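Q: Please go through this model and explain the terms used for it. Each answer should set the value against its definition.

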Amino acid sequence: MSEQAVIDNLDFARNGRVLHGSAPLAGFPRLQDLLLSGQGVLNYTLSGKIGAKGEPLLVCSIDGKLVLQCQRCLEALEYPLHIESQLRLVQGATQFDELDDGDEDVDSISASAEMDVLALVEDEILLSLPISPLHPPELCSGKGKEALVNEKRNNPFGVLATLKVK
Ligand SMILES: [Zn+2]
């Protein structure tokens, strides 16, 4: 298993090649900003194939676990990653529109003799992440805090009442 970070993606698809790899999360600079913990490793598999219409495709699967930050309680949120996406290779930007036949499950990327595999993996992860990750309500410790804040806001004497009790 060689760490081949750059591929000729058209050649890769036409020859049905397969690349397995693993990469530390620390190697994804754009992803780092969204993570509460940068520790961990992702596994990915990239395989090339030719689609039913003769179009060159890359199939990208990514598995791993991220630690995001819950946007309600701001605590750690374990987020399992299981991505499986198909990417159609197109030559030249003008073909993007021509090929857009309403097949929304397949995204298009540019054919390239020097495609950065890890950049593609990072793109796919960023696209798959929720804009605002949240714990399920029953597991989120932020719900109680939120209710408390609302209560105080509705009752201006709420804070005073708490002080008196103390
Ligand atoms: Zn939460």
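The questions and answers below deal with the chain as a whole, then the sheet, a helix, the core and two loop residues.

Q: What kind of model is this, and how are its residues numbered?
A: This is a predicted model, in which local features need pLDDT of at least 70 and side-chain atom pairs count only at pLDDT 80 or more, while totals for chains, interfaces and linings use all residues. Residues are numbered from 1 along each chain as its sequence is written.

Q: What counts as a helix or a strand here, and how many are there in the protein chain?
A: Both are DSSP runs numbered from the N terminus: a helix is H or I over at least four residues, and a strand is E over at least two. On that basis the protein chain has six helices and seven strands. Their order along the sequence is β-α-β-α-β-β-β-α-β-β-α-α-α.

Q: What makes strands β3 and β4 a pair?
A: Two strands pair if DSSP finds at least two bridges between them. Eight bridges join β3 to β4, and the two run antiparallel; therefore they meet the definition. K49 stands opposite L57 in β4. The two strands form a hairpin with five residues between them, and G54 in the turn has a positive phi of about 85 degrees.

Q: Which other pairings are found for β3 and β5?
A: β2 (residues 18–24) is joined to β3 by seven bridges, antiparallel. In this pairing P24 stands opposite V41, and A23 stands opposite L42. β5 and β6 pair in the parallel sense over five bridges, with L89 having I109 as its bridge partner in β6.

Q: Why are β2 and β6 called edge strands?
A: The sheet is open and has five strands in the order β2-β3-β4-β5-β6, with mixed pairing. β2 and β6 (106–110) each have a single partner strand, so one side of each is left without a neighbour in the sheet. From one strand to the next the twist averages 30 degrees, with angles taken between N-to-C directions, from 0 to 180 degrees, of lines fitted to C-alpha atoms (for helices, over the stretch in contact).

Q: How do you know that β2 is hardly covered?
A: A residue is buried if 20 or more other C-beta atoms lie within 10 Å of its own, exposed if 12 or fewer, and partly exposed in between, with C-beta atoms placed from the backbone. Among the seven residues of β2 the count of buried residues is zero. For the protein chain, buried residues make up 14% of the 166 residues.

Q: What makes L74 exposed and G27 partly exposed?
A: L74 has 12 C-beta neighbours inside 10 Å, so L74 counts as exposed. G27 has 15 inside 10 Å and therefore counts as partly exposed. L74 lies in the loop between β4 and β5, and its phi is near 65 degrees, a positive value in a residue other than glycine. G27 is in the loop between β2 and α2 (29–32).

Q: How do you know that the length of α4 agrees with its number of residues?
A: The expected span is 1.5 Å times one less than the number of residues. For the twelve residues of α4 that gives 16 Å, and the end C-alpha atoms are 17 Å apart, which agrees.

Q: Which residues of α4 are buried, and how do you know that they share a side?
A: The buried residues are V117, L120, V121 and I125. They cover an arc of only 135 degrees around the axis, so they are on the same side of α4; the arc is that of the directions from the helix axis to the C-beta atoms. The face turned away from this buried side carries the exposed residues L126 and L127. α4 lies across β2, β3, β4 and β5, at about 60 degrees to β4.

Q: What makes a set of residues a nonpolar core, and which elements contribute to the largest one?
A: Such a core is a set of buried Ala, Val, Leu, Ile, Met, Phe, Trp, Tyr and Cys residues joined through C-beta atoms within 7 Å. The largest has 16 residues, and those with the most contacts inside it are Y44, L58, C60, I62, V117 and V121. Two or more residues come from each of α1 (9–14), β3 (41–50), β4 (56–69), β5 (76–90) and α4 (117–128). α4 gives the largest share, four residues.

Q: What is I62 in contact with, beyond its neighbours within four places in sequence?
A: Two residues are in contact if their C-beta atoms, placed from the backbone, lie within 7 Å. By that rule I62 is in contact with L42, Y44, L81, I83, V121, E124 and I125.
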